[in-house]
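Work through these three exercises with the model open. Try each task before reading its solution.

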Amino acid sequence: MALVTLKTILDDAYRRGYALGAFNIIDLTFLEAIITAARSKASPVILNIAEVHFPYVTPEHVVPVVRMMAADSPFDIALNLDHGLTMTAIERALACGFTSVMFDGSNLEFEENIRQSREVVRMCRAKNVSVEAELGAVGGAEGGELVGSANPAKYTDVGQARRFVRETGVDALAVAIGNSHGRYKGEPRLDFERLRAIREVTNIPLVLHGGSGISAGDFRKAISLGIAKINFYTGMSDAAIESVRKSIGDIGSRYNDYPEMINAVRRSVSEVVAGQMEIFGSAGKA
Ligand SMILES: [Zn+2]
């Protein structure tokens, strides 16, 4: 199978009532961990590469590897630029073969977010690439503080969501309903009524950023109210660090200690991803 667009993969999820995890690649270890999990769970998957991670993973180098893996896989894979903040990054993603772009104009004033998101849709449509945009501001900062919390004043406004989707033509919309990037300060409390109302006026697949730390029950409820893509990174990063911590004590005496440590990281990240695929309902949907 080849890489598919975000729209292709999300429309199926939205229709059948499950969500896809969008898992971040920061190196080949994470990429292999995610693909191994998808294979073991027979799950379609979205691979995210965030602009803030470009210093760690060069898109031009990793995209050919992703393509080879996709060609070889029995399940659908979409490759998404996560939090494209600059036109330079978006152009780079388009040039090297991403099938989706998330444009993050959430810090812009509403009309300007519409204008720039519409421009990104125009650029991407020409190349059959899907677009996700964000309205309202998800708590915390992508690539910022590890602990984040949501600000109710920045939750997605229902009336604005209706206009935004109609005027930009985006394929998916990231919403702010109490979710936050990084680790949550306290228990996350999602505004499900707002989510229900946003779904009613937009009727496109909705996206939940800040998936690490939300309970399985809340995920299921959010999915039943239109969430079809869930961004998940901090839980993978935490699993990797925990795995390194466990190995580091007795490392250095054997020839293969370092690659063994990396293999252990891959296994623990893969387990976390596989567990999320079960919760999101994408397992068995390939
Ligand atoms: Zn995000």
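Three tasks follow, each with a stepwise solution.

This is a predicted model, in which local features need pLDDT of at least 70, side-chain atom pairs count only at pLDDT 80 or more, and totals for chains, interfaces and linings use all residues. Residues are numbered from 1 along each chain as its sequence is written, and side-chain values use heavy atoms, without hydrogens and water.

**Exercise 1.** Find which residues of helix α6 are buried, and what covers them.

Step 1. Take α6 as residues 158-168. Its buried residues (under 20% relative accessible area, 1.4 Å probe, protein chains only) are Ala161, Phe164, Val165 and Thr168.
Step 2. Look down the axis of α6: the buried residues fall within an arc of 90 degrees, so they line one face of the helix. The arc is that of the directions from the helix axis to the C-beta atoms.
Step 3. Their cover includes α5 (110-125), β5 (130-135), β7 (172-175) and α7 (192-202).

**Exercise 2.** Describe how α2 packs against α3.

Step 1. Helices α2 (28-41) and α3 (59-71) pack at about 20 degrees, with axes 12 Å apart.
Step 2. That makes α2 roughly parallel to α3 (angles under 35 degrees).
Step 3. Leu28, Leu31, Glu32 and Ile35 of α2 meet Val62, Val65, Val66 and Met69 of α3 (heavy atoms within 4.5 Å).

**Exercise 3.** Place Thr5 in its surroundings.

Step 1. Thr5 lies in the segment before α1 (6-16).
Step 2. Thr5 counts as buried because its relative accessibility is 12%.
Step 3. Beyond its neighbours within four places in sequence, Thr5 contacts Ala78, Thr99, Asn128 and Ser130.

Technical notes. Buried < 20%, exposed > 50% of the residue type's maximum accessible area, 1.4 Å probe, protein only. Helix = DSSP H or I, 4+ residues; strand = E, 2+ residues; numbered from the N terminus. Axes fitted to C-alpha atoms, helices over the stretch in contact; angles between N-to-C directions. Parallel < 35°, antiparallel > 145°, perpendicular 65-115°, else oblique.
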